[in-house]
Amino acid sequence: MITFVGVGVSCVLGISLVKVRAGDLAQLLYFVGAGLPVAFFVLLLVIIITKRTILRRPREDMQHTGVSFYLRVWTIDTLLLSPLLALALEYLLPPSMHHYFLRAMGGEAIGTHTFWNSPQLRAGCEHISIGEALHSGFLQIWDTQVVSAEGISFKGITIGDNCTLGQRTVVMPGCSLNEHVTCGSESILLQDMVVQSNGTIVGNPPDVFFSSQNDEYAVDQLQTSLHLRSQKSFRHRSTLTLSVLQVHITNNDGSVHLFNCVAIILNLIKLPGVVCVFVAYYYLFDYALFGIIGSERVVLRVCVNAFITYLVGIMSFALLVSFSTRSGLASFYSGSSGYYTSRFIVWWFFMWFNRLCSGLLLYPIHGTFLFNIWLRMTGAQIGERCFIDPGAAGWFELDGIQIGDDSFVMTPNMHGHFVDHGKLQFAPVTIGQKARVNDGATVMAFTEISGNVTLLTQCTTVKGGTLQRSGLAISDEILKICDG
């Protein structure tokens with residue numbers, strides 16, 4: 001249904017652009033930019049009201065049967081798993097406020113200072129209990145439903161204080177994590193799984209191990225290793241970073257509220273700001289070209305101006321991202337940052353621009369030498385004859401990417417950051433010559449992939465890991481099959 005509605009709206013919009021005057025086009029775009037927050041807020045309100053009226057808090061200790069209950073669960077699941085909901089949450093609220101939506105849905109035991117990044121929820125999300133200072137990545141799936149031949153039952157999920165969950169983590173019903181637990185990206189927490197304090201979970205099926213290191217020592221140790229590895233690199237970096245300007249703030253209520261206020265303001269001005277830039281370009285070219293030529297052909301004016309506006313617009317944003325990275329303002333090659341500090345806010349803001357530019361805006365030139373040239377402009381080390389396509393999702397950090405000659409990279413899941421031991425840490429990603437990274441593979445920060453290594457779909461590397469030359473990585477266990 002969403003696809004058909006989108007196609008219909010696109011057709012109506014296209015016809016309108018041909019028939020309306022130039023002034024009407026600007027009004028239409030400005031209306032869309034200003035109306036999106038209102039539309040998204042109404043969508044969130046409708047979902048909350050529907051959830052609390054159609055399917056109230058289901059009991060956790062019983063089997064639910066009946067066609068009506070299945071229909072209600074299906075309705076709530078459809079609303080909660082809608083891409084529009086994820087878009088509304090990402091556009092309206094920063095990740096540090098997404099847990100307020102869960103509270104509005106009926107959840108109660110949700111700790112403060114929670115950085116919850118657009119999780120995918122289902123009916124029964126009221127049975128999720130989260131402690132203080134959770135930090136979670138993108139596209140996680142939280143499910144409390146247990147479906148069997150007898151019906152649907154619910155098992156609660158309990159997350160302790162100061163836990164970290166990587167992107168695309170799947171949390172099954174009945175999971176319980178104690179304090180200071182770290183879960184790697186693409187991992188699956190099995191049903192009724194219990195992890196004790198200071199545990200680390202990696203892979204599918206999950207491997208669990210424990211560490212006795214304290215937070216400060218673990219962070220210092222990794223940054224020291226990163227510095228030693230950087231000394232071996234042939235590249236010398238001399239950019240100014242925000243580390244000297246960073247304001248160190250603890251996770252108190254004041255810093256969280258300040259971050260929320262700044263993030264909401266930035267959220268509200270990002271998309272309208274982009275629209276304003278493109279509209280300004282449109283009128284500039286309309287005046288410069290057709291104001292002199294004097295053509296009255298509306299179709300010709302709209303098509304030519306739209307094409308030139310698109311080209312100049314993406315070039316402007318590409319240059320902005322390159323300048324921000326090169327100048328050090330948005331350079332995240334190495335170092336660490338606490339939550340809700342000034343550098344954390346800058347990273348969160350430029351993360352959106354990096355993803356937009358490297359993904360959606362430059363999508364037509366993915367896999368070409370033009371995209372490789374732009375990556376080099378941002379500070380990345382890109383070899384010759386590389387095919388690089390991060391997809392429409394784009395990449396978070398750019399200047400820490402190092403790709404050798406004749407390599408083939410087709411995944412958006414290549415990260416120059418990770419969260420560990422209460423810190424947001426940055427590190428480069430190194431890919432050797434003639435390496436192959438297939439679509440869906442996840443390459444974590446501080447990973448070194450040697451030459452002729454192939455990562456198959458849905459592989460996940462471990463931060464700080466090294467894949468030897470001529471290896472083949474299969475699944476999350478990083479099985480290495482070497483030639484000979």
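Two strands count as paired here if DSSP finds at least two bridges between them. Keep that in mind for the first stop. This is a predicted model.

Strand 9, residues 176–177, and strand 12 meet that rule: they pair in the parallel sense over two bridges. Within that pairing, S176 stands opposite V194 of strand 12. Now widen the view. Four strands make an open sheet, ordered 1-6-9-12, with parallel pairing. Which strands sit at the edges? Strand 1, at 128–130, and strand 12, at 194–195; each of these pairs on one side only.

Some totals for the chain. We have 10 helices and 30 strands. Of the 484 residues, 50% are buried. Look at contacts with a separation of 6 or more: residues 24 or more positions apart account for 50% of them.

Next, a hairpin. Strand 4 and strand 5 form it, with two residues between them. Their pairing is antiparallel, over four bridges. Q145 stands opposite F154 in strand 5. Is strand 5 covered on one face or both? Both. On one side G151 and S153 are buried, and on the other I152 and F154 are buried too.

Now the interior. In soluble globular proteins, nonpolar side chains tend to be buried together. Here the largest nonpolar core has 58 residues. Which residues have the most contacts inside it? W348, W374, L375, I403, M414, I431 and L455. Several elements each supply at least two residues of this core, among them helix 7 (253–293), helix 8 (298–326) and helix 10 (369–377). Strands do so as well, including strand 18 (401–403), strand 22 (423–426) and strand 23 (429–431). The largest share comes from helix 9, with 13 residues.

Stay with W348 for a moment. Leaving out residues up to four places away in sequence, W348 touches P94, P95, F115, F259, A263, L266, N267 and K270. There is also a second, separate core. That one has 43 residues, and M105, I159, V171 and C183 are among them.

On to the salt bridges. How many are there? The count comes to five. I will show three.

Start with K51 and E126. Their side chains meet at 2.0 Å, N to O. K51 lies in helix 2, residues 22–54, and E126 lies in the loop between helix 5 (98–104) and strand 1, so this pair ties together parts that are 75 residues apart in sequence. Are the two partners buried or exposed? K51 counts as buried, at 1% relative accessibility. E126 is buried as well, with a relative accessible area of 4%.

Next, R122. One of its partners is D77, with the closest N and O atoms 3.1 Å apart. R122 sits in the loop between helix 5 and strand 1, while D77 sits in helix 3, residues 67–80, so the bridge ties together parts that are 45 residues apart in sequence. R122 is partly exposed, with a relative accessible area of 25%. D77 counts as buried, at 9% relative accessibility.

R122 also meets D143 in a salt bridge, at 3.2 Å, N to O. D143 is in the loop between strand 3 (141–142) and strand 4 (145–148), and R122 is in the loop between helix 5 and strand 1, so here the parts tied together are 21 residues apart in sequence. At 11% relative accessibility, D143 counts as buried. Put those two bridges together, and D77, R122 and D143 are linked in a network.

Last stop: cavities. The structure holds three of 30 Å³ or more. The largest has about 100 Å³ of space. Which residues are closest to its centre? Of the 14 that line this cavity, they are E90, P95, N117, W348 and M351. Helix 4 (83–92), helix 7 and helix 9 each supply at least two residues of the lining. Helix 9 gives the largest share, three residues.

So what should you look at on screen? Begin at helix 9, residues 342–361. Helix 9 gives the largest share of the 58-residue core, and also the largest share of the lining of the largest cavity. Then find W348. This residue has a place among those with the most contacts inside the core, and another among those closest to the centre of the largest cavity.

Technical notes: Residues numbered from 1 in each chain as written. Predicted model: local features only at pLDDT ≥ 70, side-chain atom pairs only at ≥ 80, totals over all residues. Heavy atoms only, no water. Core = buried A, V, L, I, M, F, W, Y, C linked by side-chain atoms within 4.5 Å. Buried < 20%, exposed > 50% of the residue type's maximum accessible area, 1.4 Å probe, protein only. Contact = heavy atoms within 4.5 Å. Salt bridge = Lys/Arg side-chain N within 4 Å of Asp/Glu carboxyl O. 1 Å grid on protein atoms, 1.4 Å probe; cavity = no way out; pocket = protein on both sides within 12 Å on 5 of 7 lines; lining within 4 Å. Points joined across faces, edges and corners; volume = space filled by probe spheres on them.
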